[in-house]
Number of protein chains: 4
Amino acid sequence: MAKKPMNIALIGCQFMGKAHSNAYRQAPRFFDLPVDPVMKVVCGITKEEAEGAAAKYGWQETSGDWEEVVNRPDIDIVDIATPNNTHAMIAIAAAKAGKHILCEKPLSTNMRDAKAMMDAVEKAGVKNAVSFCYRRAPAATLAKQLIEEGKIGQIYHFRGQYLQDWIVDPKFPLVWRLQKEVAGSGAHGDLAAHTIDFARYLVGEIADVTGVMETFIKQRPKLAKSDDRLGGVASEEMGEVTVDDASMFLVRFANGALGTIESSRFCLGRKNYNRWEINGSKGSIVFNVERMDELEVYFHDDPPNLRGFRTIQVTDSCHPYTGNYWPAAHIIGYEHTFINQAKDFLEAIANDKPYSPDFRDGVRNQAVLEAVEKSSETGAWVKPEAI
Amino acid sequence: MAKKPMNIALIGCQFMGKAHSNAYRQAPRFFDLPVDPVMKVVCGITKEEAEGAAAKYGWQETSGDWEEVVNRPDIDIVDIATPNNTHAMIAIAAAKAGKHILCEKPLSTNMRDAKAMMDAVEKAGVKNAVSFCYRRAPAATLAKQLIEEGKIGQIYHFRGQYLQDWIVDPKFPLVWRLQKEVAGSGAHGDLAAHTIDFARYLVGEIADVTGVMETFIKQRPKLAKSDDRLGGVASEEMGEVTVDDASMFLVRFANGALGTIESSRFCLGRKNYNRWEINGSKGSIVFNVERMDELEVYFHDDPPNLRGFRTIQVTDSCHPYTGNYWPAAHIIGYEHTFINQAKDFLEAIANDKPYSPDFRDGVRNQAVLEAVEKSSETGAWVKPEAI
Amino acid sequence: MAKKPMNIALIGCQFMGKAHSNAYRQAPRFFDLPVDPVMKVVCGITKEEAEGAAAKYGWQETSGDWEEVVNRPDIDIVDIATPNNTHAMIAIAAAKAGKHILCEKPLSTNMRDAKAMMDAVEKAGVKNAVSFCYRRAPAATLAKQLIEEGKIGQIYHFRGQYLQDWIVDPKFPLVWRLQKEVAGSGAHGDLAAHTIDFARYLVGEIADVTGVMETFIKQRPKLAKSDDRLGGVASEEMGEVTVDDASMFLVRFANGALGTIESSRFCLGRKNYNRWEINGSKGSIVFNVERMDELEVYFHDDPPNLRGFRTIQVTDSCHPYTGNYWPAAHIIGYEHTFINQAKDFLEAIANDKPYSPDFRDGVRNQAVLEAVEKSSETGAWVKPEAI
Amino acid sequence: MAKKPMNIALIGCQFMGKAHSNAYRQAPRFFDLPVDPVMKVVCGITKEEAEGAAAKYGWQETSGDWEEVVNRPDIDIVDIATPNNTHAMIAIAAAKAGKHILCEKPLSTNMRDAKAMMDAVEKAGVKNAVSFCYRRAPAATLAKQLIEEGKIGQIYHFRGQYLQDWIVDPKFPLVWRLQKEVAGSGAHGDLAAHTIDFARYLVGEIADVTGVMETFIKQRPKLAKSDDRLGGVASEEMGEVTVDDASMFLVRFANGALGTIESSRFCLGRKNYNRWEINGSKGSIVFNVERMDELEVYFHDDPPNLRGFRTIQVTDSCHPYTGNYWPAAHIIGYEHTFINQAKDFLEAIANDKPYSPDFRDGVRNQAVLEAVEKSSETGAWVKPEAI
């Protein structure tokens with residue numbers, strides 16, 4: 001029996017558009033989905049851009065007009081993979097049109113917009129997801145299971161860093177990710193947002209923060225031409241960097257745990273070092289996206305002379321998601337976190353089940369980001385706005 | 001301008017069929033190929049099996065008759081992903097029909113068949129490839145580049161192990177991989193074949209071997225039902241294990257280097273531990289498929305106080321293949337070695353360029369496998385048959 | 001020709017007394033010292049305690065009266081390895097008596113005492129050292145060399161943690177290290193003090209801090225009997241824990257670098273995890289005392305396709321200190337940091353050369369510790385007192 | 001009550017003499033020994049050499065005449081740390097004089113001498129030890145415990161390598177370790193001997209071997225002057241290298257396990273890479289001297305989703321030996337294996353208990369070494385002489 005088709009519209013054709021396209025193309029090849037995702041239409045800034053993406057990534061139709069797209073009656077899901085400052089208008093319009101929505105992170109560039117987005121989807125009663133894809137790395141999902149089963153005990157410490165090095169060179173150009181009006185913030189919203197999501201997912205709500213945001217290189221050559229990775233060609237003219245290069249903050253969780261979170265694009269050798277460590281009363285866990293197929297776990301309940309961090313290859317049929325891919329230790333990669341996310345979101349829609357992280361999570365995440373921004377200005381501890 | 005379509009027929013629907021299907025589906029999404037690969041027809045043992053695979057993996061047509069398929073005039077490429085003992089008949093028929101052929105490893109279960117396959121493709125003048133996919137892990141390709149650039153110097157040692165643990169349990173059933181008439185050999189042909197390919201690729205031809213093949217568990221429950229990974233359901237009846245559980249051998253290379261090679265399915269904790277280390281007069285290299293995005297390299301030319309093994313994340317745009325996937329350290333996985341292989345094979349066909357490893361490599365590999373088998377019987381050193 | 005003898009008095013017989021005794025016994029066996037260190041007298045709380053230590057560790061004489069000892073005319077060096085709250089009175093008396101002094105860290109339990117100690121030694125003109133022994137792990141010394149040679153460039157980030165797990169069990173007794181009046185602080189003064197020393201040594205002076213100190217377990221069984229490691233036997237009666245179990249703080253360095261520092265005794269699996277990472281404009285360095293014979297370094301100047309963290313085994317004759325011990329990779333351990341320290345301090349005395357870290361470093365360290373304590377109370381950023 | 005003194009004579013003042021001296025000096029400082037080891041006399045090739053060593057390492061008396069020394073009535077223990085070809089004559093004389101003997105490995109340069117040594121000590125009824133010190137790295141001792149407790153199950157594989165890189169440079173001079181008449185063999189007797197000892201200790205007796213010994217660099221500059229590490233100053237004249245640079249061999253154990261053993265001084269980056277891995281029916285263990293404070297262990301009995309190699313820091317009070325040194329993860333090093341050995345040997349003498357490895361172990365080890373040598377000449381499998 002043929003499955004019910006579910007028509008998807010993708011808004012945005014760059015790096016994230018590529019990753020999301022791959023997810024919809026691949027999810028039904030590995031998982032037995034309850035619906036048939038149809039890559040219906042991709043929308044670019046221009047129709048030409050969309051046509052390139054459609055040919056490359058396999059979308060049926062193209063558009064240069066997102067408003068028209070999100071209002072098409074045949075569209076079930078709107079996937080938003082555009083620069084951060086455009087998320088709100090697209091999501092709100094899509095919600096009004098009754099579409100389910102998956103939106104890239106951070107949800108928006110500011111709290112006001114983020115809350116408007118949340119209100120819109122909740123009012124519309126549509127499924128909504130924010131793309132903190134790393135939650136769905138199998139090792140991270142396993143970590144969550146261990147914590148929920150009580151195997152780590154009461155959590156004392158969360159220690160998260162998300163470190164990259166792609167803008168250490170002062171000649172690296174002023175791409176949109178370095179402009180406040182488009183990106184909202186720099187490393188903070190791009191990287192720390194992921195770490196905050198992990199912190200909330202694994203430890204609980206954040207009660208209080210104090211932090212610093214810093215821009216090491218204040219001026220850079222303006223961008224002449226972007227590429228489909230993260231960089232582009234520099235021009236001769238200089239422009240102002242208006243976002244942070246790095247952020248660091250201390251966290252008090254509502255449940256009493258302590259946290260340190262750090263994000264930076266200035267850590268040479270750290271390419272996609274999205275790492276956290278959790279220490280509890282019964283054990284510790286370590287995860288690092290650079291070796292995302294592995295989870296390190298320490299159990300105090302092991303016999304004293306045999307205690308040690310064990311490195312679990314989270315690739316076996318008994319682990320989350322991985323049974324649908326390849327045999328043990330035939331590793332999967334970055335793109336599979338999006339495939340897992342697409343699968344779970346499609347299932348949530350088909351079965352009308354809750355999906356997490358949703359826009360409310362996105363807003364709470366944004367509230368933490370903004371609390372750190374405020375703290376960075378005042379030097380004081382700031383409580384994230386309660387949502 | 002539309003690219004020239006190239007019609008592919010896949011014979012075989014299990015684990016390898018899944019990996020090869022994925023490769024053809026994904027290659028054009030990441031690489032700008034000179035042709036347009038068309039997933040034309042998949043062939044199973046039965047048409048039903050093929051229909052399941054077609055729906056799952058995205059093939060246009062199905063068949064239960066491989067002979068009919070390899071003789072279809074619209075087929076350009078025959079991809080053989082069947083059990084080892086069927087490779088020869090399919091490949092020889094496909095060669096006679098003038099098809100380009102990609103065949104899973106090991107090429108065959110015996111030298112006679114393997115040579116017949118080589119003769120057939122060379123006589124037919126068709127492109128031919130044997131699927132030692134790990135050569136095309138970006139880190140392995142980088143290793144080859146370093147050796148060719150002379151950065152490692154004269155090679156003294158090759159130390160290769162391919163270790164797994166999926167049959168340690170004596171109750172694991174007698175799947176086809178444990179039956180000599182189907183598989184040819186056990187760990188030896190399945191795993192050591194990969195290591196031999198790496199040894200030949202990176203160091204050179206093997207002149208002499210002495211070795212041992214061993215079966216630790218001589219009887220196992222017969223198979224009631226297989227699954228699409230490596231296992232299945234055991235029945236109550238016992239059967240004879242007719243292949244090796246492990247092999248180990250010493251190697252003298254033609255160029256004077258020494259080698260040790262070991263394969264086993266009895267190494268608990270080693271899931272897909274396809275690891276080798278090369279020591280030369282100027283440096284050392286280490287690769288392990290379990291962390292396939294990394295390469296460890298040591299250079300004697302570094303300043304004495306700063307010498308150390310460096311762990312390169314082979315994921316950057318300056319590395320082989322990876323520029324077409326994701327940003328640095330957004331890792332790729334097992335399936336991408338097949339995508340890279342598909343891309344290179346399609347390019348070799350389109351541009352009429354040599355492809356390596358070809359069937360001749362497959363035969364030379366087989367010659368080493370058989371020399372070890374003979375040595376295991378006689379206890380003497382054996383020179384692999386010259387091809 | 002016999003070397004000039006230099007008579008040493010050790011005050012304190014526990015864990016640190018054992019480590020310092022070993023250092024004096026071993027230094028002349030590995031290094032060609034300019035003087036002959038004589039293990040003259042050891043002083044305990046009681047003469048009996050001292051007698052045990054003398055027999056065990058090889059001291060010529062014993063005493064239960066530190067005042068008498070530090071005033072003995074034949075003593076050249078006073079080594080203070082007592083609980084923190086006794087450092088000041090002993091050091092000041094020793095300085096007045098004109099002795100050179102090596103004092104365990106932290107220098108004292110409060111700034112007032114620490115400054116009085118500094119004033120006393122500077123007024124007396126005696127050599128003075130505070131035992132931040134980890135600076136003299138060969139790998140840490142190599143790190144310092146690399147930074148001074150400019151190989152790491154401008155430093156952007158310092159990320160230090162000193163994590164242990166020995167008091168996670170709520171039944172662990174109330175040893176002196178958990179009592180404020182003796183220890184001054186908990187993890188903060190015991191562990192973060194080391195990290196602060198590394199930060200100052202490798203990056204520079206600390207301009208501003210904000211931080212938190214926390215006690216997870218507020219009450220513990222009182223101590224019935226201590227042992228010579230870190231623990232002891234619990235009694236039935238409960239007592240108040242008056243020091244922190246963990247501290248975490250953000251740092252702004254005078255030179256613009258950012259830092260995060262964390263100390264805890266509640267990190268299961270982290271036994272002596274004294275780790276830091278430095279990211280600069282030209283490279284990164286990582287050190288961890290748990291693998292103290294290794295240093296990880298990343299150089300951006302390496303060819304792009306060969307960049308990676310290299311693990312240097314800092315054990316060769318070209319490395320600091322190690323040429324005097326054993327051949328390469330015949331590793332040394334914790335105790336050797338004290339041997340290296342003893343050697344350098346004896347040389348500084350014999351050659352009348354500066355020694356670092358001295359009491360002034362100890363006071364600056366204390367100033368940072370106290371700034372964090374204040375910040376933990378007020379929630380504001382605090383500038384360490386300028387010294 | 002004073003302990004009974006036990007007078008030790010050390011024959012040999014180079015690298016091993018330094019390590020043995022340190023062991024006797026330090027053992028009573030960390031362990032509560034049943035006797036009081038007295039560093040009575042050190043004997044060099046000349047009395048001058050001995051005087052240097054006595055001053056440096058702390059021996060009471062000196063001698064240039066080993067025969068006189070081993071016959072002194074006040075000597076209880078003779079410790080032999082001379083080049084390999086002198087072990088036999090010294091040990092036999094010492095045995096005749098009724099001394100307990102600790103002899104460096106390999107026991108001798110040939111089987112005839114080794115057996116004569118064994119016969120001599122067994123006839124004399126003196127305690128005898130061969131210095132395979134690495135058995136007494138705490139992590140290796142823990143591995144032995146785990147195997148004896150059945151935690152690893154039936155052993156299938158032993159995979160041992162001892163790799164170094166100190167003679168890769170063709171200009172490295174012809175030290176005594178490269179001369180057959182003095183050293184007996186090269187990497188084989190120096191390094192593989194240790195691996196064979198581990199194999200016998202952990203797995204069992206070796207039934208059959210086939211192997212290769214190879215000399216990559218046939219000629220080297222003669223030695224002008226040695227140093228106290230492993231090297232020296234090269235002269236202008238060239239000489240023949242008469243030992244192997246590397247050996248590799250396959251092993252069949254009496255209990256059915258398979259083994260591969262490799263030794264080399266030509267593996268750049270491997271400094272003291274004395275590593276082995278054991279795979280059994282219930283688990284796996286990995287040890288590497290370069291990180292000798294750690295043991296990696298994998299248990300199949302762990303829950304399936306939590307299986308992984310755990311890295312145990314074998315430094316806690318519950319681990320062998322380490323409780324007598326420092327707190328957890330305050331690591332020890334190479335020299336402590338000798339201290340542990342000295343402690344155990346002194347206890348065996350004092351308590352008249354068996355000591356292992358003894359000379360009989362040394363002879364069995366030699367039998368394996370020689371079987372490989374024969375196999376390397378004939379190409380056939382060779383059974384080690386039964387002892």
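## Domains and chain contacts in a predicted model

The domain assignment splits chain A into domain 1 (4-133) and domain 2 (137-357 + 363-378). This model is predicted, not determined by experiment. The C-alpha centres of domain 1 of chain A and domain 2 of chain A are 22 Å apart.

**Where the two domains touch**

The contact draws 38 residues from domain 1 of chain A and 36 residues from domain 2 of chain A. Look at the side of domain 1 of chain A that touches domain 2 of chain A. Five elements of chain A each give at least two residues to this side: helix H1 (15-30), strand E2 (35-43), strand E5 (100-103), helix H5 (111-124) and strand E6 (128-130). H1(A) gives the most, with 10 residues. By class, this side of domain 1 of chain A has 23 nonpolar, 11 polar and 4 charged residues.

**Where chain D meets chain B**

Now turn to a contact between chains. Chain D puts in 29 residues, and chain B puts in 29 residues. On the side of chain D that touches chain B, the elements with two or more residues are strands of chain D: E7 (155-163), E8 (206-214), E11 (246-253), E12 (258-264) and E14 (283-288). E12(D) gives the most to this side, with 4 residues. The residues on the side of chain D that touches chain B divide into 15 nonpolar, 11 polar and 3 charged.

The table sets out the residue classes of the two sides described above.

| Side | Nonpolar | Polar | Charged |
|---|---|---|---|
| Domain 1 of chain A, touching domain 2 of chain A | 23 residues | 11 residues | 4 residues |
| Chain D, touching chain B | 15 residues | 11 residues | 3 residues |

**How the copies are related**

Two copies of a chain are related by a rotation about an axis and a shift along it. Chain D is superposed on chain B by a rotation of 180 degrees with 0.0 Å of shift along its axis, and the RMSD is 0.0 Å. The two copies are therefore related as by a two-fold rotation axis. Which residue of chain D comes closest to the rotation axis? D:Ala380 does, with its C-alpha at 2.8 Å. The copies meet through the same surface, because 100% of the interface residues of chain D are also interface residues in chain B.

Chain A and chain D form another pair to compare. A rotation of 180 degrees with 0.0 Å of shift along its axis superposes chain A on chain D, with RMSD 0.0 Å. In chain A, the C-alpha of A:Arg310 is nearest the axis, 1.7 Å from it. Here 100% of the interface residues of chain A are also interface residues in chain D, so these copies meet through the same surface.

Note on methods: Residues are numbered from 1 along each chain as its sequence is written. Chains are lettered from A and ligands numbered from 1 in the order in which they are written. This is a predicted model: local features need pLDDT of at least 70, side-chain atom pairs count only at pLDDT 80 or more; totals for chains, interfaces and linings use all residues. Domain bounds come from an automatic or database domain assignment. Two residues are in contact if their C-beta atoms, placed from the backbone, lie within 7 Å. Ala, Val, Leu, Ile, Met, Phe, Trp, Tyr, Cys and Pro count as nonpolar, Asp, Glu, Lys and Arg as charged, and the others, Gly among them, as polar. Copies are superposed by least squares on the C-alpha atoms of residues with pLDDT of at least 70 in both.
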